[in-house]
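Visitor: Please give me a close look at a single part of this model, the pocket and what stands around it. I am in my first year, so please explain the terms as you go.

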Amino acid sequence: MSEQAFLVLTALAEEPLHGYAIVQAVEQLSEGRTVLRVGTLYGVLDRLVADGLAERDREEVHQGRLRRYYRLTDSGVRALQAEVARLSANVRAASAVLRGRGLQAWAGRA
């Protein structure tokens, strides 16, 4: 799973969101490390919908513009759980290797 897909699924785990709200949530979740452009976002959403991990929730008109909301499916929740477990295992393995070399696994922000 790409980092972008992981962050979009994470953003949708709380509640259905429209595109711009997803972009904002991803930026906040990643502490600014990932900034999705609109084209990238909708490419990720199209793949998640095609894979059954997300689906359209509803559409609303806001200030004359259509907002399409997306939500996580049950399969999306399971995929997010599996990816969290996979990433956590990778972090544990890398941390153990670094500790074996006498290094800290994470030294915080520079």
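Guide: Let us begin with how the model is read, then visit the pocket and follow the parts around it.

This is a predicted model, where local features need pLDDT of at least 70, side-chain atom pairs count only at pLDDT 80 or more, and totals for chains, interfaces and linings use all residues. Residues are numbered from 1 along each chain as its sequence is written, and side-chain values use heavy atoms, leaving out hydrogens and water.

The largest pocket has a volume of about 350 Å³. A pocket is an open set of points on a 1 Å grid over the protein atoms alone, where a 1.4 Å probe fits, with protein on both sides within 12 Å along at least five of seven lines. Grid points are joined across faces, edges and corners, and the volume is the space filled by probe spheres set on the points. Lining residues have an atom within 4 Å of a point. Here there are 14 of them, and Tyr20, Tyr42, Arg65, Leu66 and Arg67 lie nearest the centre. Two or more lining residues come from each of α2 (19–29), α3 (38–50) and β3 (65–72); β3 gives the largest share, five residues. These helices (H or I, at least four residues) and strands (E, at least two) are DSSP runs, numbered from the N terminus. By kind, the lining has seven nonpolar, four polar and three charged residues. Nonpolar covers Ala, Val, Leu, Ile, Met, Phe, Trp, Tyr, Cys and Pro, charged covers Asp, Glu, Lys and Arg, and the others, Gly among them, are polar.

Now follow β3 into its sheet. Three strands form an open, antiparallel sheet in the order β1-β3-β2. β1 (17–18) and β2 (54–62) are at the edges with a single partner strand each, so one side of each has no neighbour in the sheet. Strands pair if DSSP finds at least two bridges between them, and β2 and β3 are joined by eight, in the antiparallel sense. Among these bridges, Glu60 is partnered with Arg67 in β3, and Glu59 with Arg68. In a regular strand, side chains alternate between the two faces of the sheet.

Two residues lie between the strands of this hairpin, where Gln63 takes a positive phi near 50°. Gln63 is in the loop between β2 and β3 and counts as exposed at 74% relative accessibility. Buried means under 20% relative accessible area, exposed over 50%, and partly exposed in between (1.4 Å probe, protein chains only).

The two helices of the lining, α2 and α3, have a loop between them as well, and Glu31 is in that loop. Glu31 has a positive phi near 55°, in a residue other than glycine, and is exposed at 52%. Thr34 sits in this loop too, but is buried, because its relative accessibility is 10%. Leaving aside neighbours within four places in sequence, Thr34 contacts (heavy atoms within 4.5 Å) Glu3, Gln4, Leu7, Val26 and Glu27.

Leu7 leads us to helix α1 (residues 3–12), where seven of the 10 residues are buried, including Phe6, Leu7 and Val8. Their cover includes β1, α2, α3, β2, β3 and α4, so the elements around the pocket appear here again.
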